[in-house]
Amino acid sequence: IGVDPQTGLAIIQDLNKDGVFTASSSFNNQGGDYVIAGSTTPKWFGGFNNSISFKGIQLDFFFQYTRQRGYKMFSYINSTFKGLLGLNAWTNMLNYWKVAGDLTTIPKPVSAPGTSQFYYLNSDVMFSEASFLRLKNVMLSFTLPRHLSSKFKIGDLKFYAQGQNLWTVTNYIGYDPEQADKYNNLVTIPSLRTFSVGLQASF
């Protein structure tokens, strides 16, 4: 629920209000402080597909939209207790707690994880908005008129250029919101941006 401005340690909510943190769960009547923080399952998703053609030129494109929450980039959270050493950190981390009185949402870095960092990494701070709109696929093609292709004894001749994952709009903290359902998404390859050109012929 914040960072103590005097100590720089994360403040974790005592959900059962008994003055201690218990690793058992409260959502299944065990009386502890662990609750379900949410789900990484998309709330809803959809897409928009269209094809526009004119005189042999055709443009096809597909937009994908997903409404969801997901895990933040693991290294972004994990670097809070490694003193910002040993791995690259996001520039957002530069706003960490430094001196008494600092008001921030990022705890001070420490050389070894303690109780506060453990609870912090197991809190709902691990989750963020991960909704996204992505231009998933786009292809521009040109089909040679039949009277020209027939001169080469070809039925249809089409030239095309295609791209995938070209553009994404998201507020997700991480490399790829499409992989946000994976806890350690640091080792998950993001959706690759690819380009290809080709020639398609029929005889």
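**Exercise 1.** State where Thr188 lies between strands E8 and E9, and what surrounds this residue.

*Solution.* Step 1: Thr188 sits in the loop that joins strand E8 (156-170) to strand E9 (194-202). Helices (H or I, at least four residues) and strands (E, at least two) are DSSP runs, numbered from the N terminus. The model is predicted: local features need pLDDT of at least 70, side-chain atom pairs count only at pLDDT 80 or more, and totals for chains, interfaces and linings use all residues. Residues are numbered from 1 along each chain as its sequence is written, and side-chain values use heavy atoms, with hydrogens and water left out.

Step 2: Setting aside residues up to four places away in sequence, Thr188 touches Gln179 and Lys182; contact means heavy atoms within 4.5 Å.

Step 3: Asp176 is 12 residues from Thr188 in sequence, and their C-alpha atoms are 9.2 Å apart.

**Exercise 2.** Describe how far the predictor trusts this chain, and where its confidence is lowest and highest.

*Solution.* Step 1: pLDDT is the predictor's confidence in each residue, from 0 to 100. The chain averages 85, and 89% of the residues score at least 70.

Step 2: The lowest confidence is in helix H1 (residues 74-78), with a mean of 57. The highest is in strand E4 (residues 57-67), at 97.

Step 3: Where pLDDT is low, the predicted coordinates should not be read in detail.

**Exercise 3.** List the elements of the chain in order from the N terminus.

*Solution.* Step 1: There are three helices and nine strands. Step 2: Read from the N terminus, they follow the pattern β-β-β-β-β-α-α-β-β-α-β-β. Step 3: Of the contacts between residues at least 6 apart in sequence, 64% join residues at least 24 apart.

**Exercise 4.** Work out the order of the strands in the open sheet of five, and which of them are edge strands.

*Solution.* Step 1: The order is E3-E4-E7-E8-E9, with antiparallel pairing. Two strands pair if DSSP finds at least two bridges between them.

Step 2: Strand E3 (44-54) and E9 are the edges, since each pairs on one side only. On average, neighbouring strands of this sheet are turned by 15° against each other, direction ignored. For such angles, axes are lines fitted to C-alpha atoms, for helices over the stretch in contact, and angles run from 0 to 180 degrees between N-to-C directions.

Step 3: Go through the pairs. E3 and E4 are joined by 11 bridges, and here Asn50 stands opposite Phe61 in E4. E4 and strand E7 (residues 132-143) pair over 10 bridges, with Asp60 opposite Met139 in E7. Nine bridges join E8 to E9, where Leu157 has Ala201 of E9 as its bridge partner.

Step 4: Strands of a sheet pair through backbone hydrogen bonds, either parallel or antiparallel.

**Exercise 5.** Lys55 and Asn165 each have a positive phi without being glycine; decide whether each is buried or exposed.

*Solution.* Step 1: Buried means under 20% relative accessible area, exposed over 50%, partly exposed in between (1.4 Å probe, protein chains only).

Step 2: Lys55, with phi about 50°, lies in the loop between E3 and E4. The hairpin of these strands has two residues between them. Lys55 has a relative accessible area of 70%, so this residue is exposed.

Step 3: Asn165, with phi near 55°, is in strand E8. Its relative accessible area is 11%, so Asn165 is buried.

**Exercise 6.** Classify the ring pair of Trp44 and Tyr65, and explain what the pair ties together.

*Solution.* Step 1: Rings of Phe, Tyr and Trp (its six-membered ring) pair if their centres lie within 6.5 Å; planes under 30 degrees apart count as stacked, over 60 as edge-to-face and the rest as tilted. The structure holds seven aromatic pairs.

Step 2: The ring centres of Trp44 and Tyr65 are 5.2 Å apart and the planes meet at 45°, so the pair is tilted.

Step 3: Because Trp44 is in strand E3 and Tyr65 in strand E4, the pair ties together parts 21 residues apart in sequence. Tyr65 is partly exposed, at 25% relative accessibility.

Step 4: Ring pairs also link Phe48, Phe61, Phe63 and Trp167 into a cluster.

**Exercise 7.** Determine whether Ser128 is buried or exposed, and which residues it contacts.

*Solution.* Step 1: Ser128 belongs to strand E6 (residues 127-129). Step 2: Its relative accessibility is 8%, so Ser128 counts as buried. Step 3: Beyond its neighbours within four places in sequence, Ser128 is in contact with Arg69, Gly70, Lys72, Tyr172 and Ile173.
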